[in-house]
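Please look over the sequence and model shown here before turning to the notes on packing and exposure.

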Amino acid sequence: VSMADGPVSTSEVETSFRKFAVHGDSKATGKEMNGKNFAKICKDCLITDGKNVTTTDVDIVFTKVKSKSARVITFEQFIMALTELGPKRFKGKSKEEALQLLYGLIVGKEPANAGITRPAKAAAVDRLTDTSKYTGTHKERFDDSGKGKGKVGREDIPDTSGYVAAYKGSGSYDDKVKES
């Protein structure tokens with residue numbers, strides 16, 4: 001982002017701030033950001049470059065701008081933090097210039113879901129989960145399409161009719177009572 005684009009509006013930065021503030025926290029409102037998400041916005045927007053600005057610098061600045069007992073920062077405190085980090089990230093630039101360059105890095109960014117675990121797709125897994133190859137009692141647990149039958153295919157349902165197992169005359173009681 002060059003300075004020719006003009007100053008970036010803080011409302012655009014605030015949009016990104018809100019997206020990162022709610023990331024990974026279902027109870028977050030988007031008005032305040034915790035330290036973890038502050039570190040994430042700095043990493044994802046390439047504010048931390050590993051040389052001039054490290055993750056340690058980010059944590060120190062976060063602690064510096066937040067209120068004593070608070071664990072979160074507001075958008076105003078976020079801007080203060082960026083003002084601190086700007087000259088470190090862009091050496092030789094004025095505070096205002098550096099801040100505008102940081103805004104340029106942040107605008108339009110959303111939290112990246114790097115490293116999300118995806119299910120393994122290996123030949124071994126496919127072979128093990130192919131229900132058509134199941135034998136013995138395991139075969140009984142699935143229908144022809146490979147869909148599980150649930151309880152029906154899994155357990156012996158007890159006979160609760162009141163008759164002894166394998167009794168040949170089950171269901172004949174009512175007939176005998178009517179005869180007498």
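The report below covers one helix, one loop residue and the nonpolar core of this predicted model.

## Helix H3 and its two sides

Helix H3, which spans residues 55-65, has Asp57, Val58, Val61, Phe62 and Val65 among its buried positions. Viewed down the axis of H3, the buried residues fall within an arc of 135°, so they line one face of the helix. On the other side of H3, by contrast, Thr55 and Lys64 are exposed.

The cover over the buried residues of H3 includes two strands, E1 (32-34) and E2 (72-74), together with the helices H2 (35-44) and H4 (75-89).

## Asn52 in the loop before H3

Asn52 lies in the loop between H2 and H3, and it is partly exposed because its relative accessible area, at 29%, falls between the limits of 20% for buried and 50% for exposed. Leaving aside neighbours within four places in sequence, Asn52 is in contact with Asp57, Lys88, Arg89 and Lys91; of these, Asp57 is itself one of the buried residues of H3. The C-alpha atoms of Asn52 and Pro87 are separated by 9.6 Å, although the two residues are 35 places apart along the chain.

## The largest nonpolar core

The largest nonpolar core comprises 29 residues, of which Phe38, Ile41, Phe78 and Leu82 touch the most other members. Helices H1 (10-22), H2, H3, H4 and H5 (95-106) each supply at least two residues of this core.

Ile41, when residues up to four places away in sequence are not counted, touches Ser16, Phe17, Phe20, Met33, Phe78 and Ile106. In soluble globular proteins, nonpolar side chains tend to be buried together.

Notes:
Residues are numbered from 1 along each chain as its sequence is written. This is a predicted model: local features need pLDDT of at least 70, side-chain atom pairs count only at pLDDT 80 or more; totals for chains, interfaces and linings use all residues. Side-chain values use heavy atoms; hydrogens and water are left out. Buried means under 20% relative accessible area, exposed over 50%, partly exposed in between (1.4 Å probe, protein chains only). Helices (H or I, at least four residues) and strands (E, at least two) are DSSP runs, numbered from the N terminus. The arc is that of the directions from the helix axis to the C-beta atoms. Contact means heavy atoms within 4.5 Å. A nonpolar core is a set of buried Ala, Val, Leu, Ile, Met, Phe, Trp, Tyr and Cys residues joined through side-chain atoms within 4.5 Å.
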